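This report covers salt bridges. It also covers how accessible their residues are.

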Amino acid sequence: MARLRRRGRGRWRGVRWLSHYSSGQSILIVGDGDFSFSLALAAAFGTGRNIVATSLDSYEALSRKYSKAQSNVMELKKRRTTVLHGVDAETMKGHSNLKMRLFDRIVFNFPHAGFHGKECEMHVVRLHRELVKGFFVNARELLQPDGEIHISHKTGYPYDGWSIVQLASESSLAMIDIVSFQKQDYPGYSPKRGNGSKSNNTFPLGDCNTYKFVAKHNVAQGEHACHCYMCRDRYFSPYFDYASGLATLGVGHGGHLAYW
């Protein structure tokens, strides 16, 4: 549910939030399938004017693949969302509508390079890794100095083999948070297969997380952001090793359970 936050002398007055995102942020959404995730945010905010929603497919391809794509795009445009088609995550920093912009949040939910064999086969894993690395390289150039890049991804075998945290580190990004992804937090969001005769089918998410990254220069040497599950406050700890992507459970400030 969207919620209002008010902080210090009205700085955030009237800003609406849905999960990690707010109407006060400039948000780029990459590879949104039928645009249902973008619409969930725009609907919660009451406007999409802070959102740039993109798809790899052309509008014509979207209309063939997804039953609700046309209506979702129409609704987004009514809400003043910028909708772009034919945007490749691996080359988007040079897109004419993006190359002069910077964003507070860049979001890529469940990146997938297509169905080229079984997900556990190494050549398929390599294709997925190449896509994610290309995305990081491009997103890094479109990010505000204090902005965040978010990737939501399934956990467990074979998905852990994509080594997302390592790929981010190779692109000069540092992980600051991992949170469980819950589809119900985004009313109306319907992740799609996006390929072949079953393009319009949803796929089971199972266990999945949202990984949050910032530019490495924003994280002081020996001082890393830590997240408290209960109060959602951030404080700093020297104990998180971003390169390994391993989190250690412990007790945060106020006795709350936290990870580093």
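Buried means under 20% relative accessible area, exposed means over 50%, and partly exposed lies in between (1.4 Å probe, protein chains only). This is a predicted model: local features need pLDDT of at least 70, side-chain atom pairs count only at pLDDT 80 or more, and totals for chains, interfaces and linings use all residues. Residues are numbered from 1 along each chain as its sequence is written, and side-chain values use heavy atoms, with hydrogens and water left out.

A search of the whole structure gives 5 salt bridges. The term stands for a side-chain nitrogen of Lys or Arg within 4 Å of a carboxyl oxygen of Asp or Glu. The table lists three pairs, with their N to O distances.

| Lys | Acid | N to O distance |
|---|---|---|
| K65 | D57 | 3.1 Å |
| K133 | E170 | 3.2 Å |
| K212 | D177 | 3.9 Å |

Take K65 and D57. D57 is buried, at 18% relative accessibility. K65 is partly exposed, at 26%.

Next, K133 and E170 form a salt bridge. K133 sits in helix α4 (residues 122–141) and E170 in helix α5 (residues 164–170), so the pair ties together parts 37 residues apart in sequence. Helices are DSSP runs (H or I, at least four residues), strands likewise (E, at least two), numbered from the N terminus. K133 is partly exposed at 32% relative accessibility. E170 is partly exposed at 43%.

K212 pairs with D177 in a salt bridge. Here strand β10 (residues 208–215) holds K212 and strand β9 (residues 173–180) holds D177, so parts 35 residues apart in sequence are tied together. Both K212 and D177 are buried.
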